[in-house]
Amino acid sequence: MNPKSLENVTLCIPKSYVGQSNVSTTYKDILTQDALRFIVLLHRKFNDQRSKLLENRSFLQNKINDKSYQFGFLPETAIIRNNPTWSGPQVLAPGLIQRHTEITGPPVRNMVINALNSEVDTYMTDFEDSLSPTWSNIIDGQINLYDTIREQVDFTNDDTGKIYSMKKTFVESPTIIMRPRGWHMEEKHLYIDDEPISASIFDFGLYFFHNCDELIRRGKGPYFYLPKMEHHHEAKLWNDIFNVSQDCLNIPRGTIRATVLIETLPAAFQMEEIIFQLRQHSSGLNCGRWDYLFSTIKRLMSHKEYVLPSREQLTMETPFMDAYVSLLINTCHRRGVHAMGGMAAQIPIKDNQVKNNIVMTKVIKDKQRELNKGHDGSWIAHPSLATICNKVFHSMGTKNQLYKVPSIDYTNYQTLLLPTVSQIDITQENIEYSVKVALLYMGSWLQGNGCVPIDNLMEDAATAEVSRCQLYQWIKHGMRLVHNGNSSKIITKSMVLTLIKNEADRLYKQYDNNSVFYTVAKILIKDITSSQTNEFLTVLLYDELLATESPTIDFHEQEFLSKL
């Protein structure tokens, strides 16, 4: 690559960043000149297309709002759906043949080790919804994966003296699947030609550049989970980046494999096209249930007929959610790729065995439902759930269920994907809980934690998004509360704002007079009382997060060459 490719590039490193203690790998090992040239090349080649695709999302939303858009399967891609001859890769990738249990979590060093020591098949290491994108979280995450793949990740916690170490070799450990941030996110610690780099390209590019050869050498490969796409052209953009990246590093095309999370309503109507765009790079689709609910609420926000009750009433047996699952499994298995189930967000209740048994029974029932529907595996958020998930999915007796293609009648199927709920019961407790989840998560995120246990559930950005958007939707359409089975008062702005202020007061006191909860309360109030709520909570909070970091040291052009 051209040595001049780093011209007009600025790296902004917080002065307070010192890296992880007892870790020899540093950010200079990750942000090498060659690695920077690689991600700068990808950004310059593909960021314009990314921007256009994001504009298309806004254009679509406007058409949905004014009812000039009707959801349905795309007529212009019928030739793809109707052609039975194409499929995903002919050979499943090493380490991705059996995916009965996938554990997920952010790339924090001790959590990476705990995940790899779990009795699971794969580990989705997450730079997206469960990670707050501070400089230290993003760069230390890259360092932790770099060290893990080279079996040098063991460390001792300075505060507790606890020793963390991998119990198995990397080859024997669960296969790593890395999830970069979505197309909508930017990484404002690196500017190229006076604009921030795409966070997707930043996360993917650094991981791929440093680790693809080592992963292949160790019998695995560079595998990815791709989040929050809304159109098959967004999958094509990833495929183009994969091809260019593999060509640049002399890696055979098709070495990269990617599982796409179907977690937006528009993508549900384009599952087949998304697999087609990725073809040789596809390793399947996943039911990202909580983000899918968030997207459904957000995209249909303007229409009262699509208002939904609180999230605990929306199970995977709810008709529109069940239709989404059936379509995903049918589509994947007809095209020879995995159909992965959704998240079990429950975490153990250590101090109450009775309640813990009830929660674990729910997990078993949910995983059994996924197995019976035809999923090839499922997600868990806590290592203790691995035994449950394994027991359920091992019972299939095969490494996957690609042979199982559920029957679907495609006649008017698109209507089944749109939400229809016969009864909308919203209680005072539902609103209070939504406020609590939103404020607690937002406050934690601004303090650098993107994975938050709340009431025995491991919450990430997706569930906070559901809470935020439902508050907006319920206010917008003047929904009524239900009290003792009867309709009660209308949900108004003033009612919800009072609840937000009261909850901010409570959290402020509970967490040692932490003013961050007043900060996020103001942000939440402004968002849910606006004419149009923000597209993403993480985008809404990102600049505030950067402001919490210390002033930065900027490295420009030639300084790269001398200091890195």
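Here's a quick tour of this protein, from its overall build down to a few single residues.

The model is predicted, so keep that in mind as you look around. The protein has 20 helices and 18 strands. Its radius of gyration is 23 Å, and since a compact globule with 564 residues would come out near 24 Å, the two agree. UniProt entries, marked as unreviewed, put a TIM barrel domain at residues 175-407 and a C-terminal domain at residues 426-545.

**Overall build**

- Picture the C-alpha atoms inside a box of roughly 70 × 60 × 50 Å, drawn along the principal axes.
- Of the 564 residues in the protein, 59% are buried.
- The protein exposes about 22,300 Å², and 50% of that comes from carbon and sulfur atoms.
- Take the contacts in the protein with a separation of 6 or more: 80% of them are between residues 24 or more positions apart.
- For a nice example of distant parts of the chain meeting, look at Leu11 and Phe555: they are 544 residues apart along the chain, yet their C-alpha atoms are separated by 5.1 Å.
- Leu11 belongs to strand E1, which runs over residues 9-14. With a relative accessible area of 0%, Leu11 counts as buried because the cut-off for that label is under 20%.

**The two annotated domains**

- The stretch that UniProt calls "Malate synthase TIM barrel" (unreviewed entry) covers residues 175-407. Over that span the chain is 45% helix and 18% strand, and the end C-alpha atoms lie 31 Å apart.
- The stretch listed by UniProt as "Malate synthase C-terminal" (unreviewed entry) covers residues 426-545. Here you get 62% helix and 12% strand, with the end C-alpha atoms 33 Å apart.

**The annotated active site**

- Which residues does UniProt list for "active site"? The unreviewed entry names Arg179 and Asp460. They're spread over 282 residues of sequence, but they cluster in space, with a largest C-alpha distance of 14.1 Å.
- Arg179 sits in strand E6, residues 175-179. Buried or exposed? Arg179 is buried, at a relative accessible area of 4%.
- Leaving out residues up to four places away in sequence, Arg179 touches a string of residues that includes Met124, Thr125, Asp126, Phe127, Glu128 and Asp129. Among its other contacts are Tyr225, Glu263 and Trp379.
- Asp460 is in the loop between strand E15 (457-459) and helix H16 (461-476).
- With residues up to four places away in sequence set aside, Asp460 touches Asp129, Ser130, Tyr441 and Gly450.
- Spot the link: Asp129 is among the residues touched by Arg179, and Asp129 is also one of the residues touched by Asp460.

**Aromatic rings**

- How many aromatic pairs does the structure hold? There are 24.
- One of them joins Tyr69 and Phe71, an edge-to-face pair with 5.2 Å centre to centre and 90° between the planes. Tyr69 is partly exposed at 23% relative accessibility, whereas Phe71 is buried at 12%.
- Tyr410 and Tyr413 make a tilted pair, with 6.1 Å centre to centre and 40° between the planes. Tyr410 is partly exposed at 33% relative accessible area, while Tyr413 is buried at 5%.
- One aromatic cluster is made up of Phe38, Trp183, Phe204, Tyr207, Phe208, Phe209, Phe224, Trp238 and Phe242.

**A serine beside the cluster**

- Ser245 is part of helix H7, residues 232-248.
- Ser245 has a relative accessible area of 0%, so it counts as buried.
- What does Ser245 touch, not counting residues up to four places away in sequence? The answer is Phe38, Leu42, Phe204 and Phe208. Among these, Phe38, Phe204 and Phe208 are also members of the aromatic cluster.

**Charges over rings**

- The charged end of Arg279 sits over the ring of Phe276, 4.0 Å from the ring's centre.
- The charged end of Arg311 sits over the ring of Trp290, 5.4 Å from that ring's centre.

Key:
Residues numbered from 1 in each chain as written. Predicted model: local features only at pLDDT ≥ 70, side-chain atom pairs only at ≥ 80, totals over all residues. Heavy atoms only, no water. Helix = DSSP H or I, 4+ residues; strand = E, 2+ residues; numbered from the N terminus. Buried < 20%, exposed > 50% of the residue type's maximum accessible area, 1.4 Å probe, protein only. Contact = heavy atoms within 4.5 Å. Phe/Tyr/Trp six-rings, centres within 6.5 Å; stacked < 30°, edge-to-face > 60°. Lys NZ or Arg CZ within 6 Å of the ring centre and 35° of its normal. UniProt positions renumbered as here; feature names shortened; annotations may be inferred. Rg over C-alpha atoms; globule rule 2.2 N^0.38 Å. Areas by Shrake-Rupley, 256 points an atom, 1.4 Å probe, with all protein chains shown as cover.
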